[in-house]
Amino acid sequence: MATIRKLRLYQPDRLSKQSDADASIILAELDGEKFVQLDSYGSKDRQLVGKRSQSMRFSKEAFEQLVQLGTAHFEGN
């Protein structure tokens, strides 16, 4: 698992289509610091369906940055 404290905006040369996956969100607090954690569980075609495959834990600052960038993107700003 990774704790993300800062995001860097990246512009890839190209994007490829991805399969859908289930995910969950955990609102956690560790040692007095709050985090938002996203867990993904892979595609329906994977060998161990329902097993967590990736986790990202966002600090308050990184989550606020994610919200700001996502809101600007979806609103077209």
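Helices here are DSSP runs of H or I with at least four residues, numbered from the N terminus. With that in hand, open the model, which is a predicted one, and start with the helix.

**Stop 1: the helix.** Select residues 60–75 to light up α1. This helix has 16 residues, and from its first C-alpha to its last it reaches 22 Å, close to the 22 Å expected at 1.5 Å a residue. Now click on G76, just after α1: its phi is positive, at about 80°.

**Stop 2: the hairpin.** Next, select residues 23–30 (β2) together with residues 33–40 (β3). These two strands run antiparallel, and eight bridges join them. For one spot along the pair, show L27, which stands opposite V36 in β3. Then go to the turn: the hairpin has two residues between the strands, and D31 takes a positive phi near 50° there.

**Stop 3: on to β4.** Keep β3 on screen and add residues 54–58, which make up strand β4. β3 and β4 also run antiparallel, with five bridges joining them. Pick Q37 and look across to its bridge partner in β4, R57.

**Stop 4: the nonpolar patch.** Which residues make the nonpolar surface patch of about 390 Å²? Select I25, L27, L38 and M56, and switch on the surface to see it. You've met L27 already, as the residue opposite V36. M56 belongs to β4. With a relative accessible area of 38%, M56 counts as partly exposed, because that class runs between the 20% limit for buried and the 50% limit for exposed. M56 can also join a patch because its 38% is over the 30% that patch residues need.

Note on methods
Residues numbered from 1 in each chain as written. Predicted model: local features only at pLDDT ≥ 70, side-chain atom pairs only at ≥ 80, totals over all residues. Heavy atoms only, no water. Patch = residues over 30% accessible without salt bridge, like charges linked within 9 Å, V, L, I, M, F, W, Y side chains within 5 Å. Areas by Shrake-Rupley, 256 points an atom, 1.4 Å probe, with all protein chains shown as cover. Salt bridge = Lys/Arg side-chain N within 4 Å of Asp/Glu carboxyl O. Buried < 20%, exposed > 50% of the residue type's maximum accessible area, 1.4 Å probe, protein only. Expected span 1.5 Å × (residues − 1). Pairing = 2+ DSSP bridges.
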